[in-house]
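Here are a few exercises to work through with the model open beside you. Try each task before you read its solution.

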Amino acid sequence: MVTYLPWFRTANKSLSDKITVRMLINNTSGLRSPQVRNREISDKAIENLVRSFESVYLINEPGTSYAYSNEGFALAGLLIQEVSGMPYDRYLEEFIFNPLEMDRTTNDPDMFSKLHVLYGHYHGISEAIPVHSEEELLREFAPAGAMMRSSAKDLGNYLLALLNGGKFREKQVISAESIGLMWEPNSSFPGISVEDGGEALPFHYGLGWFVGELDGKEYIFHGGNRRNMSSMTFICPEKKIGTILLANIDLTLIDKYAYQNLITILNNIIRLSLGENVSDYAKPVVSDPTLNSYDLPVESEEQYLGEYRLTKGKDWVYLGTRLYITQGADGLEGEIRKGEQVIERFALDFVTQKTAVSRNLSMPRSIHFKFLSGGGISDLYIGDRKYSRITEEYHKKYGLEHSSGNEISFHFPRDWNITWEDLNFEGSSLRSAKESIRSRVFKTREAPEAYFQELFPEHQVIYTGQHLSEIHGNYHWQELAIVSSKNDSSYQHLLCVTKREEANYIIVLTTQDNLTKSTLTVLPTLLGTFTWRE
């Protein structure tokens, strides 16, 4: 890779220098994202993700073991940009979409409205939950397919080319030799177990494609998901037949004990197309091991009710979320929200008073509750996510602030005074005259430094810090620290900028004291509960 991108490296450069292009697309590079990094939604998103790898240590020798890596595909996409001299999206259009007449396929969010794309659904208890907007932070993984929208007709053209040696309507879009290389196994790993309705035969991985025997046929296949939609492609070269299923919900996480999974569905589509009977292949032959007969005492239910906020976890879907446990018609229910978007609902099926299982459209997951020594619940855990309970003390410390029309709202310390004018607010600390905060809506897209000059025209900038970015709730915030002077006095500022459509919302915290202390007191709660409505 360093032949094409000399600056590319991981923390152990001697290993990352060995990574080749082939390793990226056969998933043996070992690349992964750092746990802490800036997230980008600009045209530089892919490059910035790749540059963040410099803080990651490769664990294995590149090329020696299979581990699926979306980061590897991101680097491959950046390589295409570097070698071709054009943006990744435009390269796909010119060399794949246009020759295959895929006129309703795009990676460009600016085209989504024109194409009337769907945004998918999250898993509810018995019904799906509509998604209202695109998660733009996935732009950095566009080469892994995270942003792509397409149609059945377009993907049919794509399949025809693959099944006809790379040719579509007399146009050779890709060579037959390249297709053969993509479908040639490079590594092997366990396939579908007997318990899950398979035959315990190994799967293999080629270059961007899985290869394996399923229900007596050799298939080339690949699936994808992003928690609110999913896809799966099956190709049977021997029978010259292929099919792609697009789902407006994530079927890769569907409860396999209650519903048919993607492999079962696509295998049967091909079987029926070939005049064969329906098969139960990949349908589990064992029952759900989490089923139990425990009944939570009714008098114990009240102690679980309340609001919990995410305090630990790196899964991008759940960053900035809050979990609410309420009383449902048939027992306790959980609801996870990211801003105003509900991203999950589930019933709580208790195994003991300290452990429950989530029940909804997706696979059941264990939920563990941490009790205080004096009684009451402090935290709950779902996988590697930790949610901490919001107590009465929190509500004593923070109150709800909102504009007159409730377009903007957030929680804010009660020992501050806030005044509103339309969507903009200004405030000052009741504890210290040296702390203040203000916000503005700007209809133009400028660098944060330009907004500062407009908000503080009488200030002289002394120092400008590094541009950072964070996810809070449903919003991506750019952050910039600035030190200024006015009338021989020094001021410290932290600018926080988020965008929606063609407008930017700017929040500036200013202090003449300790900026770090002021930031920790005010901003995590403000940004974490911030909501910007239509």
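**Exercise 1: a patch on the surface**

Val-21 is found in helix α2, residues 21–25. Keep in mind that this is a predicted model; the mean pLDDT of the protein is 92, and 98% of its residues reach 70 or more.

Task: Decide whether Val-21 is buried, partly exposed or exposed, and find which residues form a nonpolar patch with Val-21.

Solution: Start with the relative accessibility of Val-21, which is 31%. Buried means under 20% and exposed means over 50%, with partly exposed in between, so Val-21 counts as partly exposed. Next, look at the partners: Tyr-4 and Val-83 join Val-21 in a nonpolar surface patch, and together the three have about 260 Å² of accessible area.

**Exercise 2: positive phi**

Task: Compare the settings of Glu-101 and Ala-200, and classify the exposure of each.

Solution: Begin with the rule that most residues other than glycine have a negative phi. Glu-101 has a positive phi near 55°, and Ala-200 has a positive phi near 60°. Now place them: Glu-101 is in the loop between α5 and α6, while Ala-200 is in the loop between β5 and β6. Finally, Glu-101 has a relative accessible area of 31% and is partly exposed, whereas Ala-200, at 53%, is exposed.

**Exercise 3: a hairpin**

Task: Describe how β25 pairs with β26.

Solution: The strands run antiparallel and are joined by five bridges. Leu-468 stands opposite Glu-479 in β26. Two residues separate the strands of this hairpin, and Gly-473 in the turn has a positive phi of about 60°. As a last step, check confidence: in the protein, it is lowest in β25, at a mean of 79.

Definitions and conventions. Residues numbered from 1 in each chain as written. Predicted model: local features only at pLDDT ≥ 70, side-chain atom pairs only at ≥ 80, totals over all residues. Heavy atoms only, no water. Pairing = 2+ DSSP bridges. Helix = DSSP H or I, 4+ residues; strand = E, 2+ residues; numbered from the N terminus. pLDDT = per-residue confidence, 0-100. Patch = residues over 30% accessible without salt bridge, like charges linked within 9 Å, V, L, I, M, F, W, Y side chains within 5 Å. Areas by Shrake-Rupley, 256 points an atom, 1.4 Å probe, with all protein chains shown as cover. Salt bridge = Lys/Arg side-chain N within 4 Å of Asp/Glu carboxyl O. Buried < 20%, exposed > 50% of the residue type's maximum accessible area, 1.4 Å probe, protein only.
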